[in-house]
Amino acid sequence: MDKTGIAVWDPVEIPQKRCAMWRFPRRSIWVERIETEWHVLSLPEAGYEGDSFCRIVARSQKPPSSQWRHYLHRDSGTMQPSPVLPDKPVVMRPDRALTLLPGQSTIFFLELPVWFRLSTTGYRPAKVFEEPLSVLTRTWFGDPVTGELCWGLATRLHHSIESVDPAADRAVCPLMIENDSESDLEFQKICLHVENLSIFRGKRLWTNSLHAVFKGPDQATQMEIVHTPPGFEEGMVPVSSARTPSTGWNIRRTFGMLKYFTDF
Amino acid sequence: MFFNQIRTWVDSLSPDVLTRGLRVAVTVVLGLVLVRLLAVVTQRYIMKKSNRQRQMIVRKVISYSGFFLVLMAVLGELGVKLTALLGAAGIVGIAVGFASQTSVSNIISGLFLISEKPFAIGDVLRVGATTGIIQSIDLLSIKLRTFDNLFVRIPNEKILSSEVTNITRFPIRRMDIQFQIDYEQDLSHVHTILAAVASANPWSLDEPEPVIMFTEFKESGIEVMLGLWFAKSDFIDLKNSIMRDISARFAAEGVRFAHPRRMVSMTSPAVETPRRRARKAS
C-alpha cells in the first residue's frame, strides 16, 4: 500500500449485492449496489486515525443504520470516487501569527481537507453524493453585514512540502506571497476561496498554486490562480475541476489584517 | 330557438350601434390582453434581475395604468365626454379623499415604505406581537404569513408609526440564551463548559466568538448569558441543539440550574425573662 493511501481515489467496480467501504481517518463511506439502486452511508469513525483504503465487502458486514440514503441509477457498477474541495471558502487560522516584512516573499503549503464525491461512470456520468471527510467549524469572515459564511480551520503554515504529512484526505495548496509594499503583511487569518480551485493527483493531492503580490492596504491586489498543475511533482493529472472556475479573487477578501480591513 | 332570438335582437340594432359595440369589445379584449402581456414581459424579462418587491410594484403600476387607459378608451368609444368626466372625477376625488383619510394615509405611508426599503418580500418581520414572513408589500398594507400559517394584514400607517424589527436583514445573528445557575457553582468551571459546548456545536459560528457573561446576582442564583452567532437560516437547528447540549453537559458535570428557594430558619420560642415580664406588665 502506498504511504498516502492515494489509491483510495481509484475507480471501483461494485458487484451486485456487495458493498464498497472507503475508510478515511475519522470517516467511513459505505456504498451498496442492489439492481439499479445505490445505497449510501457516511459514518464518523472517531477512533480511526490510520491509512485511507477501499475494500469490497459482503453485505453482511454493512453497518445497521437508519441513515442509509438511496439513489436510483441504471449505469454499470463502476463508481468513480473523487476528492473535491469544500463548497464554501475556508478561513485558515495559522497556529502562529506571522508578519511578512516589506520587500520579502515566501511560499506556504496549506493543507485543505477534501470532500468525498462519488460519481457514476459511463456514457453520462452523474454525481451520486458528496460528503465532507473532516468536520470543519462554521465561521464568518468580514464584518457582520457584508462578510461571508465560511468553513473555519486551524492549521500550520508549512514552509516546505517535506513537513506536510502525505494524506489522501487532504490537498496541498501552495501559496506564494510577495510583499511589495512599505507596510507589514500580517497573517492572522487567510480566507481561501476554494470553490475557485481544482484538484490534481500526483503522489499526493494538490490544488492550483496561488500567487499574490501585496502592494499595500490601500491598493487593489489580486490573488492569482495558476491554472497549470503545481510544479512540485511530475505527471500530475487533474481529478476534479473547480466548483466555480475563476482566474483569481481580490486580496481584500483574503487576509485577516484586522487593523486595515475590518472594524474589529 | 335561443340563437334565433339573438339573431332577431342583433338585426333590430342599427348598424352604428353594432359597429360601436364591436369596437368596444375589440378594445376591451385586445386592451386587457396587451396590458397583461406587457406586465408579464416586463416582470419576467426586462426586470428579471430586480428583486421580487420591485417586480411586483412595476407589475401593479402597469396593470392599473393599463386598465385605466382601456377604461378611458371604452368610455371614449361609447361617446362619454371625458373632459366632463375627469372634471367630475376631480370633485368626487376630493370628496372621497376627505372621506377616506385613513386609506390616503396608508397609501402615503406605503409610498414611504417602498422608497425607504426597510424590508423586502421574503424577510422575516416582527411588528408588535406578530412575527411572520412578508408575502407582499402593497400601497395600503403589507401581508405576512406567520410561522403557524396565519395570514396577517398590517396597514402601512401602523408599520410607519411603530417599531418594526427586520429579523433576517443581516446574514448572521446572535442568539442570547439566559438562565440561572445555583450560587454554589464554580463560575470558572461553568465558563469552561459553556465555551466547550459552543465550540462543539456545528451551527454556532466560531467567529464572531461566542459571548459568555455572568450578568446578575438574582434572588435564587447567578444569571448567565450565552450569546452564539449563527447564519440566519440555522435558527431552529442551533436553538434545539444548544439547549440539548447545555442541559446534557450540565447534567454530566453536576452543574445545577437555579430554582426559586426560600431559606426558613426555625428558632425556639422566646424565653420569659424577668425584664420581659416586667415590660409586659407595664
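A:Arg26 lies in strand S3 of chain A, and its backbone is a good place to start looking at this predicted model. A:Arg26 is not a glycine, yet it has a positive phi of about 70°. It counts as partly exposed because it has 16 C-beta neighbours inside 10 Å. Further along, A:Glu35 sits in the loop between S3 and strand S4 (37-45) of chain A. A:Glu35 has a positive phi too, about 55°, and is likewise not a glycine. With 9 other C-beta atoms within 10 Å, A:Glu35 is exposed.

**The sheet around S3**

Strand S3 of chain A, residues 26-34, runs antiparallel to strand S2, residues 18-24, and 6 bridges join the two. One of the pairings puts A:Met21 opposite A:Trp30, its bridge partner in S3(A). Zoom out and you get an open sheet of 5 strands in chain A, ordered S5-S2-S3-S4-S6, with antiparallel pairing. Which strands stand at the edges? In chain A they are S5 (53-58) and S6 (69-72); each has a single partner strand, so one side of each is left without a neighbour in the sheet. From one strand to the next, the twist averages 20°.

**A hairpin further on**

Chain A also has strand S11 (residues 115-120) paired with strand S12 (residues 127-132), antiparallel, over 5 bridges. A:Ser119 has A:Lys127 as its bridge partner in S12(A). Together S11(A) and S12(A) make a hairpin with 6 residues between them, and in the turn A:Gly122 has a positive phi of about 110°.

**Chain A as a whole**

Chain A has 23 strands and 1 helix. Of its 264 residues, 35% count as buried. If you take the chain A contacts with a separation of 6 or more, 76% of them come from residues 24 or more positions apart.

The largest nonpolar core has 69 residues, and the members touching the most others are A:Val90, A:Ala171 and A:Cys173. What is A:Val90 in contact with, leaving aside its neighbours within four places in sequence? The list is A:Leu112, A:Cys150, A:Trp151, A:Leu153, A:Leu192 and A:Val194. There is also a second, separate core of 7 residues, and B:Leu125, B:Ile134, B:Leu144 and B:Ile159 are among them.

**Domains**

Chain A splits into domain 1 (6-82) and domain 2 (85-114 + 133-261). Where these two domains of chain A meet, 9 residues from domain 1 and 9 residues from domain 2 take part in the contact. The domain 1 side of that contact in chain A is made up of 5 nonpolar, 2 polar and 2 charged residues.

Chain B is divided into domain 1 (11-99), domain 2 (113-166) and domain 3 (172-253). In chain B, 5 residues of domain 1 are in contact with 6 residues of domain 2. By class, the domain 1 side of that contact in chain B has 2 nonpolar, 2 polar and 1 charged residues.

Here are the centre-to-centre distances for the two domain pairs.

| Domain pair | Distance between C-alpha centres |
|---|---|
| Domain 1 and domain 2 of chain A | 31 Å |
| Domain 1 and domain 2 of chain B | 30 Å |

**Where the chains touch**

Between the chains, 8 residues of chain A are in contact with 9 residues of chain B. On the chain A side, the elements that give two or more residues are strand S13 (137-141) and strand S14 (148-155). S13(A) gives the most, with 4 residues. The chain A side divides into 4 nonpolar, 3 polar and 1 charged.

**Two spots in chain B**

B:Gly110 is in helix H5 (residues 101-116) of chain B. Is B:Gly110 buried or exposed? It counts as buried, because it has 22 C-beta neighbours inside 10 Å. Setting aside neighbours within four places in sequence, B:Gly110 is in contact with B:Asp138, B:Leu139, B:Leu140 and B:Asn156. Take B:Leu140: it is 30 residues from B:Gly110 in sequence, while the C-alpha to C-alpha distance is 6.1 Å.

The other spot is B:Pro208, found in the loop between helix H7 (187-200) and strand S7 (211-217) of chain B. The peptide bond leading from B:Glu207 to B:Pro208 is cis, with omega near -5°.

Notes. Residues numbered from 1 in each chain as written. Chains lettered and ligands numbered in written order. Predicted model: local features only at pLDDT ≥ 70, side-chain atom pairs only at ≥ 80, totals over all residues. Pairing = 2+ DSSP bridges. Axes fitted to C-alpha atoms, helices over the stretch in contact; angles between N-to-C directions. Core = buried A, V, L, I, M, F, W, Y, C linked by C-beta atoms within 7 Å. Buried ≥ 20, exposed ≤ 12 C-beta atoms within 10 Å, placed from the backbone. Contact = placed C-beta atoms within 7 Å. Nonpolar A, V, L, I, M, F, W, Y, C, P; charged D, E, K, R; others polar. Domains from an automatic or database assignment.
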